[in-house]
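Colleague: Could you take me through this model and say what stands behind each label? I would like to see the reasoning as well as the result.

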Amino acid sequence: MSPLHLSFYSAFTLSSLGLAFHRTHLVSALLCLESMMLSMYITLSIWPVENQMTSSSLMPVLMLTFSACEAGTGLAMLVATTRTHGSDQLRNLNLLQC
């Protein structure tokens, strides 16, 4: 495994571990999701170059559009929960009370 692959795999793993174990604020969860998407985007962008494919792949562009939609939805949820609950802490959010 090359050092480039190791760095992208470790970035994805660390961001997923951060999402799993550090769930205090909604902003930190959104940042972990964005770092996961960024590592996946870079990996998908480098993959055709490493395999010496001549055609450009459409997958990184689709990943980037989904990432932008996810970021916009996450920020809208952040603003909505901050306005209704007063903070972005995840312990204040309860699905049974909605």
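Modeller: Happy to; what follows goes from confidence to the helices and then to two residues.

Colleague: What makes you comfortable reading this chain?

Modeller: This is a predicted model, and its chain averages a pLDDT of 85, with 93% of the residues scoring at least 70. Confidence is lowest in helix 2, at a mean of 87, and highest in helix 1 (residues 3–21), at 90.

Colleague: Where does the label "transmembrane region" come from?

Modeller: That label comes from the UniProt annotation in an unreviewed entry, which covers residues 6–22, 29–49 and 61–81. In the model, residues 6–22 are 94% helix and 0% strand, with their end C-alpha atoms 23 Å apart. Residues 29–49 are 100% helix and 0% strand, and there the end C-alpha atoms lie 31 Å apart.

Colleague: How do you know that the reach of helix 3 fits its number of residues?

Modeller: Helix 3 has 27 residues, and at 1.5 Å a residue the expected span is 39 Å. From first C-alpha to last, helix 3 reaches 38 Å, close to that expectation. The residue that follows helix 3 is glycine 86, with a positive phi near 90°.

Colleague: Which residues of helix 3 are buried, and what do they pack against?

Modeller: The buried ones are Pro60, Met63, Ser67, Gly74, Leu78 and Thr81. They pack against helix 2 (26–50).

Colleague: Why is aspartate 88 called buried?

Modeller: Buried means under 20% relative accessible area. Aspartate 88 has 17%, so it counts as buried. Its place is in the segment after helix 3 (59–85). Leaving out residues up to four places away in sequence, aspartate 88 touches Thr24, His25, Leu26, Val27, Leu78 and Thr82.

Colleague: What makes the pairing of aspartate 88 with histidine 25 a polar contact?

Modeller: The cut-off is a pair of N or O atoms within 3.5 Å. The side chains of aspartate 88 and histidine 25 make their polar contact at 3.0 Å.

Colleague: And methionine 40: why is it called partly exposed?

Modeller: Partly exposed lies between the 20% limit for buried and the 50% limit for exposed. Methionine 40 has a relative accessible area of 29%, and is therefore partly exposed. Methionine 40 lies in helix 2. Neighbours within four places in sequence aside, methionine 40 is in contact with Phe12 and Met63.

Colleague: How far from methionine 40 is tyrosine 9?

Modeller: Their C-alpha atoms are separated by 9.0 Å, although the two are 31 residues apart along the chain.

Note on methods. Residues are numbered from 1 along each chain as its sequence is written. This is a predicted model: local features need pLDDT of at least 70, side-chain atom pairs count only at pLDDT 80 or more; totals for chains, interfaces and linings use all residues. Side-chain values use heavy atoms; hydrogens and water are left out. UniProt positions are given in the numbering used here, feature names are shortened, and annotations may be inferred rather than shown by experiment. Helices (H or I, at least four residues) and strands (E, at least two) are DSSP runs, numbered from the N terminus. Buried means under 20% relative accessible area, exposed over 50%, partly exposed in between (1.4 Å probe, protein chains only). A polar contact is a pair of N or O atoms within 3.5 Å; within protein, one must be able to donate a hydrogen and the other to accept it, and residues adjacent in sequence count only if both atoms are side-chain atoms. Contact means heavy atoms within 4.5 Å. The expected span of a helix is 1.5 Å times one less than its number of residues. pLDDT is the predictor's confidence in each residue, from 0 to 100.
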